[in-house]
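Please look at the sequence and the structure below before reading on. The briefing then goes through the parts of the chain topic by topic.

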Amino acid sequence: SCSRCLFFFNDTATTEIYTLSLHAALPITQHIDIVTYGFSPSATWRIESLEHRDGGVAFDLIDPTGSTPVFLPKPGQHLASNAAGVLGLIGESGYDVAAAAVALAGFAGVKRRYEIKARVAGVTIVDDYAHHPTEVTATIGAAAFGGSGRVIALFQPPRYPAAPESR
């Protein structure tokens, strides 16, 4: 059974609505601490001072016991949100958040997720497997915040398996 649950809410109104809904829908939540993370001033694990620099994103993660500086070597507000969630889970589980934040700073990421392929004559070429609107929006947003100048996106729709009648 769960005694602590970690939810992602990025604004105060959503946090309050979902918290009230959870308590109304599940009487068991009276015995569960709901831990939030994100940009909301009321989040348990709160992102502050977000800035894009050195090709990545930096922020302070504020928690009930203090603040941890975080740097991710890739840009994007969505990556900051993901990192805050992971670090919140690590902290709520009793592990060292500062050590985990240092480890994140050295994480190069995975293939085809904002993977820089080349830098030529002031142009940065990035490969990303974003294949639905939310991911495409986040990737373009990361490029806009993470660089300077304009962003040109080329999109290749995902390929579908051959139709059954062609087999």
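What follows is a short overview of the fold, and after that come notes on the core, a helix, the charged pairs and some single residues.

The model shown here is a predicted one. The protein contains four helices and seven strands, and, read from the N terminus, these elements follow one another in the order β-α-β-β-β-β-α-α-β-β-α. Of its 167 residues, 29% count as buried, while the accessible surface amounts to about 10,900 Å², with 59% of that surface belonging to carbon and sulfur atoms. Among the contacts with a separation of 6 or more, 41% join residues that are 24 or more positions apart.

**The largest nonpolar core**

- In soluble globular proteins, nonpolar side chains tend to be buried together.
- In this protein the largest nonpolar core has 17 residues, and those that touch the most other members are Trp45, Ile47, Phe59, Leu61, Val70, Leu72 and Leu87.
- At least two residues of this core come from each of the elements β2 (33–38), β3 (45–53), β4 (56–63), β5 (66–72), α2 (77–92) and α3 (97–105).
- Phe59, when its neighbours within four places in sequence are left aside, is in contact with Ile47, Glu48, Ser49, Leu50, Thr68, Pro69, Val70, Leu72, Ala80, Ala83 and Ala84.
- Val70 has its place in strand β5, and Val70 counts as buried because its relative accessible area is 4%, where buried means under 20%.
- Not counting residues up to four places away in sequence, Val70 touches Val57, Ala58, Phe59, Leu61, Leu87 and Ala101.
- For one of these partners, Val57, which stands 13 residues from Val70 along the chain, the two C-alpha atoms are separated by 8.2 Å.

**Helix α3 and its two sides**

- Which residues of α3 are buried? They are Val97, Ala100, Ala101 and Leu104, and they lie on the same side of α3 because they cover an arc of only 105 degrees around the axis.
- An α-helix has 3.6 residues a turn, so residues three or four places apart point the same way.
- On the other side of α3, by contrast, Val102 and Ala103 are exposed.
- The cover over the buried residues of α3 includes β3, β5 and α2.
- At the start of α3, the backbone nitrogen of Ala98 has a side-chain oxygen of Asp96 within 3.0 Å.

**Salt bridges**

- How many salt bridges does the structure hold? There are two salt bridges in the structure.
- In one of them Arg46 is paired with Glu48, and the closest N and O atoms are 2.7 Å apart, which also appears as a polar contact between the two side chains.
- Arg46 is found in strand β3, and Glu48 is partly exposed because its relative accessible area is 31%, which falls between the limits of 20% for buried and 50% for exposed.
- Leaving aside neighbours within four places in sequence, Arg46 is also in contact with Gly38, Ser40, Pro41, Asp60, Leu61 and Ile62.
- Another salt bridge joins Glu51 to Arg53, with the closest N and O atoms 3.6 Å apart.
- Both ends of this pair count as partly exposed, since Glu51 has a relative accessibility of 42% and Arg53 has one of 36%.

**Single residues to look up in the model**

- Thr36 is found in strand β2, and Thr36 is buried, with a relative accessible area of 4%.
- A polar atom of the Thr36 side chain lies 3.0 Å from the backbone nitrogen of Thr44.
- Most residues other than glycine have a negative phi, and most peptide bonds are trans.
- Ser49, which has its place in strand β3, has a positive phi of about 55 degrees although it is not a glycine.
- Is Ala108 buried or exposed? Ala108 counts as exposed, with a relative accessibility of 60%, and its place is in the loop between α3 and β6 (115–120).
- Although Ala108 and Lys74 are 34 residues apart along the chain, their C-alpha atoms are separated by 7.9 Å.

Terms used:
Residues are numbered from 1 along each chain as its sequence is written. This is a predicted model: local features need pLDDT of at least 70, side-chain atom pairs count only at pLDDT 80 or more; totals for chains, interfaces and linings use all residues. Side-chain values use heavy atoms; hydrogens and water are left out. A salt bridge is a side-chain nitrogen of Lys or Arg within 4 Å of a carboxyl oxygen of Asp or Glu. Buried means under 20% relative accessible area, exposed over 50%, partly exposed in between (1.4 Å probe, protein chains only). A nonpolar core is a set of buried Ala, Val, Leu, Ile, Met, Phe, Trp, Tyr and Cys residues joined through side-chain atoms within 4.5 Å. Contact means heavy atoms within 4.5 Å. A polar contact is a pair of N or O atoms within 3.5 Å; within protein, one must be able to donate a hydrogen and the other to accept it, and residues adjacent in sequence count only if both atoms are side-chain atoms. The arc is that of the directions from the helix axis to the C-beta atoms. Accessible areas come from the Shrake-Rupley method with a 1.4 Å probe; for residues, only the protein chains shown count as cover.
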